[in-house]
Structures are given as structure tokens and as C-alpha cells.
Amino acid sequence: MSDSSPVPSATPASPVRPVLDVWCELQCPDCRTALEDVRALRARYGDRLEVRLRHFPLEKHKHSFAAAQAAEEALEQGKGWEYVEAVLGRVERLDRAGEPFLVEVAGELGLDAEEFDTALIDGRHILIVDADQAEGKAIGVTGTPTYVIDDQRLDGGKSQEGLRERIEEIADRLLAAADA
């Protein structure tokens, strides 16, 4: 999942912005912990760094696949990151309530909850989630959160300590090279 704003073309006046892929699972307590770092990175870099949520639902979490699809529906309705933050902020509630909670959060954010329910039933976002998961496995993602920037994979599932600083170092280097 990324925002719907167009990615600039690669011209001297408008270089492609660096991309940070955040492999995440919306039922993962570690991803909730990582949310603060993701918020800080988005605030620090704004549009200069494209932060993309990539889905990596884990089998051990019963509602993670539905939550990934729901995040895609939220993106389609214009509130992807707001939805992700709202769900991650209440992981325990998702554990207990499941899909009805996903629809409830959509309503709280002013999204079309009925369309959300329909999207979860008809599976219109399954291919996006499946593709993310397959790509994650192909590049060695084994758990969440995992970050990938400039072809470097950083595993946040064991510890978040120092990861934001490492991501900032890489992003700063990429942005400096783009400005040179």
C-alpha cells in the first residue's frame, strides 16, 4: 500500500524519491510498536521519501489477511495510513472482534463501511495482499515489521532499537545523492 499521489518521473529536475517498504501485519504487536518510528519518518521526510506499507500477514494471526485487505480498501477510499494507524493502535481488539472490528474502524474514520464489508466478502484486494506476501518471501522477509530501503533489509521483529536511525542514515544518503 502506498499513497495515491503520483511518483515523480526521473528527470534531472525531478528525481525519483527513495522508497521505504514497511513489511507489516496489522495484527502484530511489534508492528504497533514500530508505528511510532514510521510516523516519525513520515513526518521528517514528508514527500521526499515514499513510505509504502507492504502486507505480510502471518498465519499465527487469524485476522491478519482480512486486515491487509481492509487496509487496501481504506487506501482506495483515501485514508490508507489513517486506517492502518487506527487498527494497529487496537491490535488486541482486532484479536477479539475480527472482521466486524475492521468494518467498525472504517465507519469511525468516515469511510464507506458497507463498501468495506463488501470488499472483505468479495475479496477484491486479495491479489494485492498475495503479491506483497510473495514478494516479501522472495526477498527474505520472515516476520514483521521488516523494512527495506535501498535494497537493505532491516528486521524489526526482534528489536526496533536503532532501526529508525539506520533508516534515516540511508534515506539521508539517498536524498543527498539525488540532490547532487
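Which residue of β4 does I149 stand opposite? In this predicted model, the partner of I149 is Q152 in β4. The two residues belong to an antiparallel pairing between β3 and strand β4 (residues 152-155), held over four bridges. Two residues lie between the strands of this hairpin, and one of the residues there worth a look is D150, with a positive phi near 55 degrees.

Strand β3 (residues 146-149) also has β1 as a neighbour: the two run antiparallel and are joined by four bridges. Within that pairing, V22 stands opposite Y147 in β3. In a regular strand, side chains alternate between the two faces of the sheet. Accordingly, T146 and V148 point one way from β3 while Y147 and I149 point the other way, and all of these residues are buried.

Just before β1 (19-24), the preceding segment holds R17. This arginine is buried yet forms no salt bridge, with E50, the nearest side chain of opposite charge, 4.0 Å away. A polar atom of the R17 side chain does, however, lie 3.2 Å from the backbone oxygen of D47.

Turning to the aromatic residues, a search of the whole structure finds one aromatic pair. Y83 and F116 form this pair in a tilted arrangement, with 5.1 Å from centre to centre and 40 degrees between the planes. The contact links distant parts of the chain, since Y83 sits in helix α3 (residues 80-88) and F116 in helix α6 (residues 113-122), 33 residues apart. Y83 counts as buried because its relative accessibility is 0%, and F116 is likewise buried, with a relative accessible area of 0%.

Notes. Residues numbered from 1 in each chain as written. Predicted model: local features only at pLDDT ≥ 70, side-chain atom pairs only at ≥ 80, totals over all residues. Heavy atoms only, no water. Buried < 20%, exposed > 50% of the residue type's maximum accessible area, 1.4 Å probe, protein only. Lys, Arg positive; Asp, Glu negative; His and termini not counted. Polar contact = N/O pair within 3.5 Å; in protein donor to acceptor, adjacent residues only side chain to side chain. Phe/Tyr/Trp six-rings, centres within 6.5 Å; stacked < 30°, edge-to-face > 60°. Pairing = 2+ DSSP bridges.
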